[in-house]
Structure formats: C-alpha cells, structure tokens
Amino acid sequence: MDYDAFFAAQLDTLRGEGNYRIFAELERDAHTAPSAVLHSEAGQREVTVWCSNDYLGMGKSDLVRNAVAEAALQDGAGAGGTRNISGTAVQHVALERELADLHGKEAALLFTSGYVSNWASLSTLGSRLPNCTILSDAMNHASMIEGIRHSRAKTLIWKHNDPEDLNRKLSDVPDDGAKLVAFESVYSMDGDIAPMAEILDVAEAHGAMTYLDEVHAVGLYGPQGGGIAEREGLAQRVSLIEGTLGKAFGVMGGYVAGSSVMCDFIRSFASGFIFTTALPPALAAGALASVQYLRQSELERRRQQANVAKLRARLDALRIPHLDNPSHIVPVLVGDPFKAKFLSDTLLENYGIYVQPINYPTVPKGTERLRLTPSPQHSAQDIEHLVGALSHLWSQCALSRAVA
C-alpha cells in the first residue's frame, strides 16, 4: 500500500469540500492585545485577533505573566514527570484548593488540558461505575464524546438542551446500574446555555450523577467567575464540575471539582492522569494568580459583556445574521464552507482582521460560520472596522441579510 498516497487523497478530499485548515503564524505581543503580527511569505504585518478563547485577555496580563515568570525562574520550566513519580508541586496543591473553593466543592484535580480532563474523567467513571449508562447531550464536545466512547459504557444521546427528552431516556434505564448525565453549560459553537436547573431536577429524580463541562463559562459568569452553575446558585447540586485554565483564565490546563472521594477515585484510576506529565508548576502559579484575581474583579467581565452587546447591535444594524444567544460567543452565520473561507482569507489579507472559519466537522454542514469572541481589549474602532468589512464582503459574496 502506498500510505502517503492514501494520506494525500484524504487531504485532497478535505480541500475539495472546503474543509482543509491552514494555520496562520501569529506573533502575539502581550502589550498590544488584541493585535498580533502575522508572519507570511509576503512579510510581516499587524492584524487584530477576533477569535481568541483567551476571553478576558488574562494570558497577557502583567499579574499572570509575572506569576509564571517568577515560578519558572524559581522552580524551573517543567514538572519533571507525572505527579506519581516526580511528586506534587506546591503550586498544584494551592491551585487545586483554590479551584475547589471557587466551585464550592471539597476537592479538585488538575489535568494538562480541558480535553484530557474530560476524556480521562468520563472514561474512568463510565468504565468503573457498575452497569453504568451515560446520558450525553447531543451537542457535547468531542473530548466528552471520546471519553464516553473509551469508557465502553452504554450510552444514550438526548436531544440538545431538552430536559423532557432526558427524562424519557432516563425512564428507560434500569435501576440496577449507575446513571451519569453529561452536559455543558455554554456550548462553544452556538453560544447557547443549558437549562441547568431543569436538567438537574430530572437527573436527581432518577438518582443520576451529573457531569457539567463549564470550560466556556469559568471566569466569565457568576459573582466570582465560577461559571453558570455559580451564577444560578446550582453548583452544590452538580456531582462533578469540569473546567479549563486555558480560556478565560488565560493559561493552560484542565480540572474537575467534586467530592474528595470522587476526585481521589479519578486520581487513582484515570490513566490520563496517572501516566501524563504534570502541568508545569509555573503555569499552575499563573493560573492560580488569574483565578484569585477574577474571583474579586468584575471589571474584565463587565467590559467584555459591553463589547459583546456593542458588536451584536452593530451586526443587527447592518443586518448581518448571527445566532442570538445569551452568551459571549457571537457566531456569524455563513452557511457555505467556501464562502466562509473566502471571508476569513479576505478579512485577513485586505482588512487585517484574523478570524478563522468554523466548518465541518466542528459544526454540521450547512451551518459554517465565523465565530467572533469580543474581549475587553477590543476598542470601539476595532468593532466598527470589523462590521464594516463584514458588511462589504457580505454584499460581495451575495450572502443573505437578516430580515429587518
């Protein structure tokens, strides 16, 4: 078999469907966010980034950068191995305590990424809970899906954000086994928010555990940035909360927070924790500084929310269609992979605006989009430049406008 020919053919298929992805080489300067320098064959030039998941710009804050630098100079660049072999750093312990307190839980457990925390925790719970059935929201993230698949537990998919369908599915599950309901708070592509209280009511009525992914909510919602569960006063009712340190907190890593015995169980049995090099202590120090700061500061959240509202209002004024949702994520709907890529390429080349197209398989075919994430650092001029460019290109591509 000509393996390279097979690989090339598969890549050609992606290109033919308009779903082949090309990375932009960006040099980010913490002092000029949300700007970055684009490196290309044509040279270097400044662009404005509109699709970062560093939602509040904390990764570029002096507070977080100094915490990382000081810890790296003191302790070194890496963790030196797994926590089982190299030991647990004091920064790991401090951060886990802070995260547990943030979510009102007894304990927390760090992982190297949000993907790994989902994969490792769900696969461990699903495989080791007796006769476990996992009920997964239809729009759950790929990391949750992979963890559930790896667990080999019986799996039922319930309609997205539909507590009534969840109730029907749970009613069909025998009572002689464990039940685990897995869902997200803020869904990253559509920006919709789960009806959390209703989902918890259903799960509790059937004696099911709940697993909540808050990666696109921690730092952004709730009085202390504890996510939607904190904002709605529901955190204590959730069995296990999963979050990330790589989005609103601006650093890297993932975690789960729950009871002491559950976190110890995952720590003791999850291969994705046991056999993975630990998060560098310097990054844990930076994440700790970020979490502590955002627990007492509302300024960044208020500025971001104001910019989200401004952007939505300007898109509405120019009748550029975008999904109406209650979150900070602004998906501008294109509906065609080639036009989405054309918009992205032209915005970058002609307007100095960097936003990646979101195509299949991240979103279903026919729902291709540009996913905009306003930050506190975007100015009114940045917003006007973006919507003006979008409006011009919308006409050039003969795309439909929203109904006035």
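Is R314 buried, exposed or partly exposed? R314 counts as partly exposed, because its relative accessibility is 27%, where buried means under 20% relative accessible area, exposed over 50%, and partly exposed in between (1.4 Å probe, protein chains only).

Before the exercises, some ground rules. This is a predicted model, where local features need pLDDT of at least 70, side-chain atom pairs count only at pLDDT 80 or more, and totals for chains, interfaces and linings use all residues. Residues are numbered from 1 along each chain as its sequence is written, and side-chain values use heavy atoms, with hydrogens and water left out.

**Exercise 1. Find the partner of R314 and describe the pair.**

Step 1: look for a salt bridge, which is a side-chain nitrogen of Lys or Arg within 4 Å of a carboxyl oxygen of Asp or Glu. R314 makes one with E384, and their closest N and O atoms are 2.7 Å apart.

Step 2: place both ends. R314 sits in helix α13 (residues 299-317) and E384 in helix α15 (residues 380-396), so the pair links distant parts of the chain, 70 residues apart. Helices here are DSSP runs (H or I, at least four residues), strands are too (E, at least two), and both are numbered from the N terminus.

Step 3: check the surroundings. E384 counts as partly exposed, because its relative accessibility is 39%.

**Exercise 2. Compare the settings of the pairs R83 with E96 and D264 with R267.**

Step 1: start with R83 and E96, whose side chains meet in a salt bridge at 2.7 Å, N to O. R83 belongs to helix α3 (residues 83-86) and E96 to helix α4 (residues 90-102), 13 residues apart. R83 and E96 are both buried.

Step 2: go on to D264 and R267, a salt bridge with its closest N and O atoms 2.8 Å apart. D264 and R267 are separated by about one helical turn, because they lie three residues apart in helix α10 (residues 260-269). D264 is partly exposed at 36% relative accessibility, and R267 is partly exposed at 36% as well.

Step 3: widen the view. The whole structure has 19 salt bridges, and E98, D101 and R295 are linked in a network of them.

**Exercise 3. Locate the largest nonpolar core and describe what F183 touches.**

Step 1: define the thing. A nonpolar core is a set of buried Ala, Val, Leu, Ile, Met, Phe, Trp, Tyr and Cys residues joined through side-chain atoms within 4.5 Å.

Step 2: the largest one has 52 residues, and L99, V181, F183 and L245 have the most contacts inside it.

Step 3: list neighbours. Leaving out residues up to four places away in sequence, F183 touches residues including W158, M196, L200 and Y211, with contact meaning heavy atoms within 4.5 Å.

**Exercise 4. Pick out the unusual backbone spots at P34, P361, N131 and N161.**

Step 1: recall the background. Most residues other than glycine have a negative phi, and most peptide bonds are trans.

Step 2: check the prolines. The bond from A33 to P34 is cis, with omega near 10°, and P34 lies in the loop between β1 (25-28) and β2 (35-40). The bond from Y360 to P361 is cis too, with omega near 10°.

Step 3: check the asparagines. N131 has a positive phi of about 50° and counts as exposed, at 59% relative accessibility. N161 has a positive phi of about 55°, but is buried, with a relative accessible area of 16%.
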